[in-house]
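The following exercises are to be worked with the sequence and the model at hand. Each task is followed by a solution in steps.

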Amino acid sequence: MNRVGLKRGDHVVLLIAVAIAVFCCIQIWLPRAEGETVVVTSPAGEKRYALAQDRTVTVQGEQDIVLTVEIVGGRARVRESRCPDQVCVNSGWLSQNGQVAACVPAGVSVRIVGEPVVDGVTA
Amino acid sequence: MTRTNRLIVAGLLSALAIALSVLEGLLPPLPIPGAKLGLANITVMFALQAVSVPCAGGIVLVKTAFALFRGPIACLMSAVGGILSLIAMGIARRLWRDKLSFVGVGVIGALAHNIGQWCVAYVLLGSAMVYYAPILLLLAIPAGLITGLVLNMVYPYLQKTPFFRKG
(Lines give C-alpha, C1' and ligand atoms only; values in the text may rest on other atoms or scores of the structure.)
Protein backbone atom coordinates (compact mmCIF):
# COMPACT_ATOMS: atom_id res chain seq x y z
CA MET A 1 0.00 0.00 0.00
CA ASN A 2 1.39 3.36 -0.99
CA ARG A 3 0.39 6.63 0.62
CA VAL A 4 -2.96 7.00 -1.12
CA GLY A 5 -3.65 3.31 -0.72
CA LEU A 6 -3.92 2.24 -4.34
CA LYS A 7 -3.98 -1.51 -4.93
CA ARG A 8 -3.27 -3.53 -8.04
CA GLY A 9 -6.93 -3.83 -8.97
CA ASP A 10 -7.30 -0.06 -8.79
CA HIS A 11 -4.71 0.30 -11.53
CA VAL A 12 -6.78 -1.98 -13.75
CA VAL A 13 -9.97 -0.04 -13.02
CA LEU A 14 -8.20 3.28 -13.57
CA LEU A 15 -6.71 2.07 -16.84
CA ILE A 16 -10.16 1.10 -18.09
CA ALA A 17 -11.50 4.41 -16.78
CA VAL A 18 -8.85 6.33 -18.73
CA ALA A 19 -9.80 4.38 -21.87
CA ILE A 20 -13.47 5.28 -21.31
CA ALA A 21 -12.47 8.90 -20.67
CA VAL A 22 -10.44 9.14 -23.88
CA PHE A 23 -13.33 7.65 -25.85
CA CYS A 24 -15.76 10.10 -24.22
CA CYS A 25 -13.50 13.08 -24.86
CA ILE A 26 -13.28 12.16 -28.53
CA GLN A 27 -17.07 11.87 -28.66
CA ILE A 28 -17.56 15.20 -26.90
CA TRP A 29 -14.95 17.38 -28.53
CA LEU A 30 -14.68 15.89 -31.98
CA PRO A 31 -15.58 18.80 -34.24
CA ARG A 32 -18.95 18.25 -35.84
CA ALA A 33 -20.70 19.92 -38.69
CA GLU A 34 -22.63 23.06 -37.85
CA GLY A 35 -26.30 22.20 -37.50
CA GLU A 36 -29.23 23.69 -39.37
CA THR A 37 -32.24 23.08 -37.19
CA VAL A 38 -33.18 23.35 -33.54
CA VAL A 39 -35.48 20.57 -32.39
CA VAL A 40 -37.40 21.43 -29.23
CA THR A 41 -39.11 18.43 -27.67
CA SER A 42 -41.59 19.10 -24.87
CA PRO A 43 -44.67 17.37 -23.41
CA ALA A 44 -46.64 19.24 -26.11
CA GLY A 45 -44.68 17.51 -28.87
CA GLU A 46 -41.79 18.34 -31.14
CA LYS A 47 -41.17 21.70 -32.80
CA ARG A 48 -38.46 22.57 -35.30
CA TYR A 49 -36.91 25.97 -35.90
CA ALA A 50 -34.25 27.08 -38.34
CA LEU A 51 -30.97 28.06 -36.66
CA ALA A 52 -30.49 30.75 -39.27
CA GLN A 53 -33.42 32.75 -37.99
CA ASP A 54 -33.20 34.62 -34.69
CA ARG A 55 -36.14 34.11 -32.37
CA THR A 56 -37.14 33.47 -28.78
CA VAL A 57 -39.46 30.60 -27.93
CA THR A 58 -41.25 29.91 -24.66
CA VAL A 59 -41.65 26.24 -23.85
CA GLN A 60 -44.07 24.89 -21.26
CA GLY A 61 -42.66 21.80 -19.54
CA GLU A 62 -43.92 19.44 -16.87
CA GLN A 63 -44.25 20.57 -13.24
CA ASP A 64 -44.96 24.19 -14.24
CA ILE A 65 -41.42 24.63 -15.50
CA VAL A 66 -41.25 27.25 -18.23
CA LEU A 67 -38.15 27.47 -20.40
CA THR A 68 -37.07 30.27 -22.68
CA VAL A 69 -35.17 29.08 -25.73
CA GLU A 70 -33.24 31.67 -27.66
CA ILE A 71 -31.88 31.39 -31.19
CA VAL A 72 -29.39 34.11 -32.07
CA GLY A 73 -26.82 34.27 -34.85
CA GLY A 74 -26.89 30.60 -35.77
CA ARG A 75 -26.69 29.36 -32.17
CA ALA A 76 -29.34 28.30 -29.71
CA ARG A 77 -29.49 28.07 -25.93
CA VAL A 78 -31.89 27.77 -23.07
CA ARG A 79 -31.73 31.32 -21.77
CA GLU A 80 -33.94 30.82 -18.76
CA SER A 81 -35.62 28.01 -16.91
CA ARG A 82 -37.72 27.95 -13.76
CA CYS A 83 -36.14 24.63 -12.86
CA PRO A 84 -33.96 24.74 -9.72
CA ASP A 85 -31.23 22.58 -11.26
CA GLN A 86 -30.38 24.88 -14.20
CA VAL A 87 -28.64 22.01 -16.01
CA CYS A 88 -30.07 23.05 -19.38
CA VAL A 89 -29.13 26.71 -18.91
CA ASN A 90 -25.58 25.75 -17.96
CA SER A 91 -25.30 23.69 -21.13
CA GLY A 92 -24.70 26.99 -22.89
CA TRP A 93 -24.82 27.69 -26.59
CA LEU A 94 -25.51 24.91 -29.06
CA SER A 95 -24.72 25.06 -32.74
CA GLN A 96 -23.23 21.75 -33.83
CA ASN A 97 -25.05 18.60 -34.89
CA GLY A 98 -26.04 16.44 -31.95
CA GLN A 99 -25.49 19.04 -29.23
CA VAL A 100 -28.25 19.06 -26.67
CA ALA A 101 -29.50 20.92 -23.62
CA ALA A 102 -32.03 18.95 -21.63
CA CYS A 103 -34.21 19.55 -18.61
CA VAL A 104 -35.22 16.14 -17.33
CA PRO A 105 -37.70 17.37 -14.66
CA ALA A 106 -39.54 19.44 -17.29
CA GLY A 107 -39.34 16.71 -19.92
CA VAL A 108 -37.89 19.22 -22.37
CA SER A 109 -34.90 18.85 -24.64
CA VAL A 110 -33.33 21.20 -27.15
CA ARG A 111 -31.07 19.62 -29.73
CA ILE A 112 -29.39 20.51 -32.99
CA VAL A 113 -29.81 18.40 -36.11
CA GLY A 114 -28.35 18.64 -39.58
CA GLU A 115 -31.39 18.35 -41.77
CA PRO A 116 -33.15 21.59 -42.68
CA VAL A 117 -36.56 22.53 -41.32
CA VAL A 118 -39.27 20.72 -43.24
CA ASP A 119 -42.54 21.23 -41.43
CA GLY A 120 -44.04 24.67 -41.90
CA VAL A 121 -42.22 26.61 -39.14
CA THR A 122 -40.21 28.78 -41.50
CA ALA A 123 -40.90 32.36 -42.50
CA MET B 1 -21.35 -5.62 16.12
CA THR B 2 -24.78 -6.23 17.61
CA ARG B 3 -27.99 -5.64 15.70
CA THR B 4 -28.67 -2.46 17.66
CA ASN B 5 -25.18 -1.17 17.02
CA ARG B 6 -25.56 -1.75 13.31
CA LEU B 7 -28.86 0.11 13.30
CA ILE B 8 -27.33 3.07 15.11
CA VAL B 9 -24.35 3.15 12.76
CA ALA B 10 -26.67 2.95 9.71
CA GLY B 11 -28.65 5.89 11.07
CA LEU B 12 -25.56 7.97 11.76
CA LEU B 13 -24.09 7.23 8.34
CA SER B 14 -27.41 8.12 6.67
CA ALA B 15 -27.43 11.44 8.49
CA LEU B 16 -23.83 11.99 7.40
CA ALA B 17 -24.76 11.16 3.80
CA ILE B 18 -27.47 13.84 3.82
CA ALA B 19 -25.14 16.33 5.50
CA LEU B 20 -22.56 15.70 2.79
CA SER B 21 -25.20 16.17 0.06
CA VAL B 22 -26.20 19.50 1.58
CA LEU B 23 -22.56 20.53 1.95
CA GLU B 24 -21.98 19.68 -1.69
CA GLY B 25 -24.97 21.82 -2.66
CA LEU B 26 -23.35 24.77 -0.88
CA LEU B 27 -20.16 24.56 -2.94
CA PRO B 28 -20.05 26.78 -6.01
CA PRO B 29 -21.57 24.86 -8.95
CA LEU B 30 -19.12 23.27 -11.36
CA PRO B 31 -19.02 24.83 -14.82
CA ILE B 32 -20.20 21.60 -16.43
CA PRO B 33 -23.96 20.97 -16.61
CA GLY B 34 -25.13 18.22 -14.29
CA ALA B 35 -21.73 17.63 -12.73
CA LYS B 36 -21.77 16.45 -9.13
CA LEU B 37 -19.04 15.07 -6.93
CA GLY B 38 -21.24 12.62 -5.07
CA LEU B 39 -19.64 13.14 -1.67
CA ALA B 40 -22.47 11.19 -0.03
CA ASN B 41 -21.18 8.08 -1.78
CA ILE B 42 -18.26 8.15 0.68
CA THR B 43 -20.63 6.98 3.41
CA VAL B 44 -22.07 4.23 1.21
CA MET B 45 -18.58 2.91 0.43
CA PHE B 46 -17.65 3.09 4.10
CA ALA B 47 -20.77 1.14 5.06
CA LEU B 48 -20.05 -1.50 2.41
CA GLN B 49 -16.55 -1.98 3.75
CA ALA B 50 -17.01 -1.63 7.51
CA VAL B 51 -20.62 -2.57 8.21
CA SER B 52 -22.74 -4.54 5.77
CA VAL B 53 -24.52 -4.48 2.43
CA PRO B 54 -27.97 -3.90 4.02
CA CYS B 55 -26.54 -0.94 5.91
CA ALA B 56 -25.23 0.56 2.67
CA GLY B 57 -28.61 -0.12 1.07
CA GLY B 58 -30.31 1.68 3.93
CA ILE B 59 -28.19 4.78 3.35
CA VAL B 60 -29.05 4.71 -0.35
CA LEU B 61 -32.77 4.55 0.52
CA VAL B 62 -32.52 7.49 2.94
CA LYS B 63 -30.55 9.46 0.35
CA THR B 64 -33.23 8.72 -2.25
CA ALA B 65 -36.03 9.77 0.09
CA PHE B 66 -34.17 13.00 0.75
CA ALA B 67 -33.90 13.66 -2.99
CA LEU B 68 -37.70 13.84 -3.02
CA PHE B 69 -37.29 17.44 -1.84
CA ARG B 70 -35.79 18.19 -5.25
CA GLY B 71 -38.80 16.73 -7.04
CA PRO B 72 -40.01 13.28 -8.15
CA ILE B 73 -37.72 13.10 -11.19
CA ALA B 74 -34.62 13.92 -9.14
CA CYS B 75 -35.76 11.27 -6.67
CA LEU B 76 -36.20 8.67 -9.41
CA MET B 77 -32.76 9.45 -10.85
CA SER B 78 -31.20 9.30 -7.42
CA ALA B 79 -32.90 5.95 -6.75
CA VAL B 80 -31.90 4.23 -9.99
CA GLY B 81 -28.38 5.68 -9.90
CA GLY B 82 -27.95 4.84 -6.23
CA ILE B 83 -29.20 1.26 -6.47
CA LEU B 84 -27.23 0.49 -9.64
CA SER B 85 -24.13 1.98 -8.04
CA LEU B 86 -24.67 -0.07 -4.88
CA ILE B 87 -25.06 -3.28 -6.89
CA ALA B 88 -21.92 -2.57 -8.93
CA MET B 89 -19.86 -1.69 -5.87
CA GLY B 90 -21.19 -4.71 -3.99
CA ILE B 91 -20.23 -7.06 -6.81
CA ALA B 92 -16.82 -5.42 -7.21
CA ARG B 93 -16.14 -5.77 -3.49
CA ARG B 94 -17.23 -9.40 -3.46
CA LEU B 95 -15.17 -10.38 -6.49
CA TRP B 96 -12.00 -8.40 -5.80
CA ARG B 97 -12.16 -7.62 -2.08
CA ASP B 98 -8.38 -7.68 -1.60
CA LYS B 99 -7.43 -6.22 -4.95
CA LEU B 100 -9.47 -3.02 -4.92
CA SER B 101 -9.18 0.01 -2.66
CA PHE B 102 -11.92 2.63 -2.37
CA VAL B 103 -10.61 4.33 -5.51
CA GLY B 104 -11.42 1.35 -7.73
CA VAL B 105 -14.74 0.75 -5.98
CA GLY B 106 -15.58 4.47 -6.17
CA VAL B 107 -14.89 4.75 -9.89
CA ILE B 108 -16.96 1.63 -10.61
CA GLY B 109 -19.77 2.94 -8.41
CA ALA B 110 -19.72 6.41 -9.97
CA LEU B 111 -19.81 4.97 -13.49
CA ALA B 112 -22.75 2.72 -12.54
CA HIS B 113 -24.51 5.66 -10.85
CA ASN B 114 -24.28 7.88 -13.92
CA ILE B 115 -25.27 5.05 -16.25
CA GLY B 116 -28.38 4.58 -14.10
CA GLN B 117 -29.17 8.29 -14.19
CA TRP B 118 -28.65 8.41 -17.91
CA CYS B 119 -31.05 5.49 -18.39
CA VAL B 120 -33.78 7.38 -16.52
CA ALA B 121 -33.14 10.48 -18.62
CA TYR B 122 -33.16 8.39 -21.78
CA VAL B 123 -36.52 6.83 -20.92
CA LEU B 124 -37.96 10.29 -20.20
CA LEU B 125 -36.40 12.28 -23.02
CA GLY B 126 -35.45 9.77 -25.68
CA SER B 127 -32.72 10.00 -28.27
CA ALA B 128 -31.77 13.59 -27.41
CA MET B 129 -29.85 12.13 -24.47
CA VAL B 130 -27.45 10.12 -26.65
CA TYR B 131 -25.14 13.12 -27.00
CA TYR B 132 -25.10 13.50 -23.23
CA ALA B 133 -23.96 9.93 -22.49
CA PRO B 134 -20.19 10.49 -22.93
CA ILE B 135 -20.34 13.65 -20.80
CA LEU B 136 -21.96 11.79 -17.90
CA LEU B 137 -19.55 8.85 -18.22
CA LEU B 138 -16.56 11.18 -18.32
CA LEU B 139 -17.72 13.12 -15.25
CA ALA B 140 -18.16 9.92 -13.25
CA ILE B 141 -14.45 9.13 -13.39
CA PRO B 142 -13.01 12.14 -11.50
CA ALA B 143 -15.98 12.02 -9.10
CA GLY B 144 -15.32 8.36 -8.23
CA LEU B 145 -11.59 9.00 -8.07
CA ILE B 146 -11.87 11.95 -5.67
CA THR B 147 -14.39 10.32 -3.31
CA GLY B 148 -12.33 7.10 -3.34
CA LEU B 149 -9.11 8.97 -2.55
CA VAL B 150 -10.77 10.78 0.34
CA LEU B 151 -11.84 7.50 1.89
CA ASN B 152 -8.50 5.85 1.15
CA MET B 153 -6.76 8.57 3.11
CA VAL B 154 -9.28 8.81 5.95
CA TYR B 155 -9.95 5.10 6.49
CA PRO B 156 -6.67 4.21 8.25
CA TYR B 157 -7.41 6.90 10.83
CA LEU B 158 -11.00 5.75 11.23
CA GLN B 159 -9.70 2.28 11.98
CA LYS B 160 -8.02 3.65 15.10
CA THR B 161 -11.33 4.91 16.50
CA PRO B 162 -13.36 3.01 19.14
CA PHE B 163 -15.88 2.14 16.42
CA PHE B 164 -13.43 -0.42 15.04
CA ARG B 165 -11.80 -1.45 18.30
CA LYS B 166 -15.00 -3.01 19.60
CA GLY B 167 -15.44 -4.98 16.38
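A nonpolar core is a set of buried Ala, Val, Leu, Ile, Met, Phe, Trp, Tyr and Cys residues joined through C-beta atoms within 7 Å. The model examined here is predicted.

**Exercise 1. The core**

Determine how many residues the largest nonpolar core has and which residues have the most contacts inside it.

Solution. The largest nonpolar core has 74 residues. The residues with the most contacts inside this core are L67(A), A102(A), C103(A), V110(A), M45(B) and I59(B). The largest share of the core, 11 residues, is drawn from α5(B). On the side of chain A, domain 1 (1–30) and domain 2 (37–113) each provide at least three residues. The centres of these two domains, taken over C-alpha atoms, are separated by 33 Å.

**Exercise 2. A helix of chain B**

Establish how many residues of helix α2 of chain B are buried, and against which helices they pack.

Solution. Helix α2(B) spans residues 41–50, and 8 of its 10 residues are buried. The buried set consists of N41(B), I42(B), T43(B), V44(B), M45(B), F46(B), A47(B) and L48(B). These residues pack against α1 (3–26), α3 (53–67), α4 (72–95), α5 (102–125) and α6 (133–158) of chain B. Among them, T43(B), V44(B) and A47(B) are touched by I59(B). Leaving aside residues up to four places away in sequence, I59(B) also touches A10(B), L13(B), S14(B) and A17(B). As for confidence, α2(B) has the highest mean pLDDT in chain B, at 93, whereas helix α7 (residues 162–165) has the lowest, at 76. Chain B as a whole averages 88, and 95% of the residues score at least 70.

**Exercise 3. The interface**

Describe the side of chain A that touches chain B: which element gives the most, and how do the residues divide by character?

Solution. Contact between the chains involves 31 residues of chain A and 29 residues of chain B. Elements of chain A that each supply at least two residues are α1 (8–29), α2 (87–90), β6 (100–103) and β7 (108–113). The greatest contribution comes from α1(A), with 12 residues. By character, this side of chain A comprises 16 nonpolar, 11 polar and 4 charged residues. For the complex, the predictor gives an ipTM of 0.81 and a pTM of 0.81.

**Exercise 4. A strand and its partners**

Identify the strands to which β1(A) is joined by bridges, and the direction in which they run.

Solution. Strand β1(A) covers residues 37–42, and 5 of its 6 residues are buried. With β2(A) (residues 45–50), β1(A) shares 6 bridges, and the two run antiparallel. A hairpin of 2 residues joins this pair, and V39(A) stands opposite R48(A). With β7(A), β1(A) shares 5 bridges, again antiparallel. In that pairing, V40(A) has V110(A) as its bridge partner. V110(A) is also one of the residues with the most contacts inside the largest nonpolar core.

**Exercise 5. Positive phi**

Locate Q63(A) and D64(A), and decide whether each is buried, partly exposed or exposed.

Solution. Most residues other than glycine have a negative phi. Q63(A) has a positive phi, near 55°, and D64(A) has one near 60°. Q63(A) lies in the loop between β3 (55–60) and β4 (66–72) of chain A, and D64(A) is found in the loop between β3 and β4 as well. A residue is exposed with 12 or fewer other C-beta atoms within 10 Å. D64(A) has 9 and is therefore exposed, while Q63(A), with 14, counts as partly exposed.

Methods:
Residues numbered from 1 in each chain as written. Chains lettered and ligands numbered in written order. Predicted model: local features only at pLDDT ≥ 70, side-chain atom pairs only at ≥ 80, totals over all residues. Buried ≥ 20, exposed ≤ 12 C-beta atoms within 10 Å, placed from the backbone. Helix = DSSP H or I, 4+ residues; strand = E, 2+ residues; numbered from the N terminus. Contact = placed C-beta atoms within 7 Å. Domains from an automatic or database assignment. Nonpolar A, V, L, I, M, F, W, Y, C, P; charged D, E, K, R; others polar. pLDDT = per-residue confidence, 0-100. Pairing = 2+ DSSP bridges.
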